[in-house]
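Please open the model in your viewer and keep the sequence panel beside it. The stops below say what to select in turn and what to look for there.

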Amino acid sequence: MHNLLYIDGEWTGEALEKLLVHNPATGELISEVPKGGKKEAVAAIEAADDAFKIWSKTTAFERAKLLKRFYELMIENETELAELMTSEMGKPLSEARGEVHYAANYIEWYAEEAKRVYGETIPTHDSNKRLQLWKKPVGVVAAITPWNFPAAMLTRKMGPALAAGCTIVIKPSSETPLTAIKLVQLAEEAGFPKGVINIVIGSSSEIGEALLLDSRVRKVTFTGSTEVGKILMKQGSETIKKLSLELGGHAPIIVLDDADINRAVAGTIASKFRNSGQTCVCGNRIYVQSKIYNKFIDLLTERVRELKVGNGMAEGVNIGPLINKAGVEKVSTHVSDALEKGAQLVYGGKQPSEKGNYYLPTIIKDATNDMLMMNEETFGPVAPIQKFETIDEVVHLANDTPFGLAAYVFTESISNGTRIIEEIDFGIVGWNDGAPSAVQAPFGGLKESGLGREGGHQGMDEFLEMQYVSIGI
Ligand code: SIN
């Protein structure tokens, strides 16, 4: 495997200063990759801009063929990709394997969607004119991706961008560059022409600024924090870039008295503890109605006790390490804050004895609105539970946040479920479902959780421009 930058069809950057990649489970140094900056970002933009002139003229069928081959190579390389992901990110190997398939499916889905980008004919107001809507690739795309899903967050940008006829400059997280490099290598093997896909790794602020301020980059697609999203939005305004921002969340899980309690507990575990609580759609605050409050906590605790914490490479592990020490510190601060403010610890609440960035799955009851974890993303395996009495009360609690990415509702009542979902402001809702993400469905948030959608046919529009053509005949 090349652990290098890839610009204009060349693996490059040997002479640059190195960025160190560590295994979060052991602290061990696993690789060194070149630390690029402005110069490399500009070279990548130049390459992508040149390649766009040719790539944008290829047919959707040609692009679909290459994307299909890329998908197949990902599946053939499942084990290597999954092991790489676990070693640089920490997630359990079974979850990493699942992510390889999830990621590959974005490529396959958009290989198919490439052939379904239809324009429109518009009824004319003048018999001497014909009106049409043409769709065109937006141009050079900058894709800035996070560490929590090193493969899937990249392919859900690459898939639609390449299918639409755009070229791309990728800037993956410095915590997890290896999976991204491997994916680019597989794309090269699939046969994408030089300059169509480029990857630059290094300083986020320097590379980010170069990508955001360059007028040749017409679209920026980013997954990460709301804080960084706001900076990108300001920088992108200089050249009025098209933006897709998948930002922070603070998902409520609402469990009504009439829920199927086993389904609610299983859904809560799926949402809360996936990726050790490090996803933007993880339930962050759990509201349980008063009649089943104690029963829900007892059952959740019984199931959470069964979760095994450890190195993601080990058999049977459910909760891997957090990405770094700062992640562990944030979780500890949230837990101490909640306990100081009167919440009760039911389970966990500390790091296990094992060395590494581990934190025990944790259940906290009697949480209240003033606690940090009820307002900020914890990004760790902590489940705070608050009691509520009425639907009006829980709707107010759920909406009382600047975020609006995902929410979960557990109820067997069609009228209660419908009423709550209509009233809560979240872009994604799992109704009796703790894992709603799917490549064919639009993923994205409201309010400060972002702009635009990824996945589904809606995800393709983010990489297309509309051109209205009025033809005099
Ligand atoms: C994310 O955490 O940003 C993505 C999670 C998903 O795709 O389900």
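Two residues are said to be in contact when they have heavy atoms within 4.5 Å of each other. Please keep in mind throughout that this is a predicted model.

**The annotated span.** Begin by selecting residues 11-469, where UniProt, in an unreviewed entry, places the feature "domain: Aldehyde dehydrogenase". The C-alpha atoms at the two ends of residues 11-469 lie 42 Å apart, and the span is 40% helix and 21% strand.

**A buried glutamine.** Next select Gln278, which sits in the loop between H9 and E13. Is Gln278 buried or exposed? With a relative accessible area of 2%, Gln278 counts as buried, because that value is under the 20% limit used for the term. If you show its surroundings and set aside the neighbours within four places in sequence, you will find Gln278 in contact with Met89, Trp147, Asn148 and Phe149, and also with Pro321, Leu322, Ile323 and Phe379.

**The sheet.** From that loop, move to the open sheet of 7 strands, whose order is E14-E15-E16-E13-E12-E18-E19 and whose pairing is mixed. Its edge strands, each pairing on one side only, are E14 (344-347) and E19 (428-431). As you look across the sheet, the twist from one strand to the next averages 25°. Within it, select E13 (residues 283-289) together with E16 (residues 382-388), which run parallel and are joined by 4 bridges; the bridge partner of Tyr287 in E16 is Gln386.

**Helices on the sheet.** Now add helix H9 (residues 261-273), which packs on the sheet and touches E12 (251-255), E13, E15 (362-365), E16 and E18 (406-410), with its direction at about 165° to that of E18. Helix H10 (residues 293-304) also packs on the sheet, touching E12, E13, E14, E15 and E16, and its direction makes about 170° with that of E16.

**The nonpolar cores.** In soluble globular proteins, nonpolar side chains tend to be buried together. The largest nonpolar core here has 64 residues, and those with the most contacts inside it are Phe70, Met74, Met158, Leu162, Ile168, Phe192 and Ile197. Helix H4 (residues 93-113) gives the most to this core, with 10 residues. Apart from this core lies another, of 35 residues, with Val281, Phe296, Leu300 and Val304 among them.

**Last stop.** Finish at Met158 and ask which residues it is in contact with, leaving aside neighbours within four places in sequence. They are Phe70, Ile107, Ala163, Ile168, Ile170 and Ile197.

Notes: Residues are numbered from 1 along each chain as its sequence is written. This is a predicted model: local features need pLDDT of at least 70, side-chain atom pairs count only at pLDDT 80 or more; totals for chains, interfaces and linings use all residues. Side-chain values use heavy atoms; hydrogens and water are left out. A nonpolar core is a set of buried Ala, Val, Leu, Ile, Met, Phe, Trp, Tyr and Cys residues joined through side-chain atoms within 4.5 Å. Buried means under 20% relative accessible area, exposed over 50%, partly exposed in between (1.4 Å probe, protein chains only). Two strands pair if DSSP finds at least two bridges between them. Axes are lines fitted to C-alpha atoms, for helices over the stretch in contact, and angles run from 0 to 180 degrees between N-to-C directions. UniProt positions are given in the numbering used here, feature names are shortened, and annotations may be inferred rather than shown by experiment.
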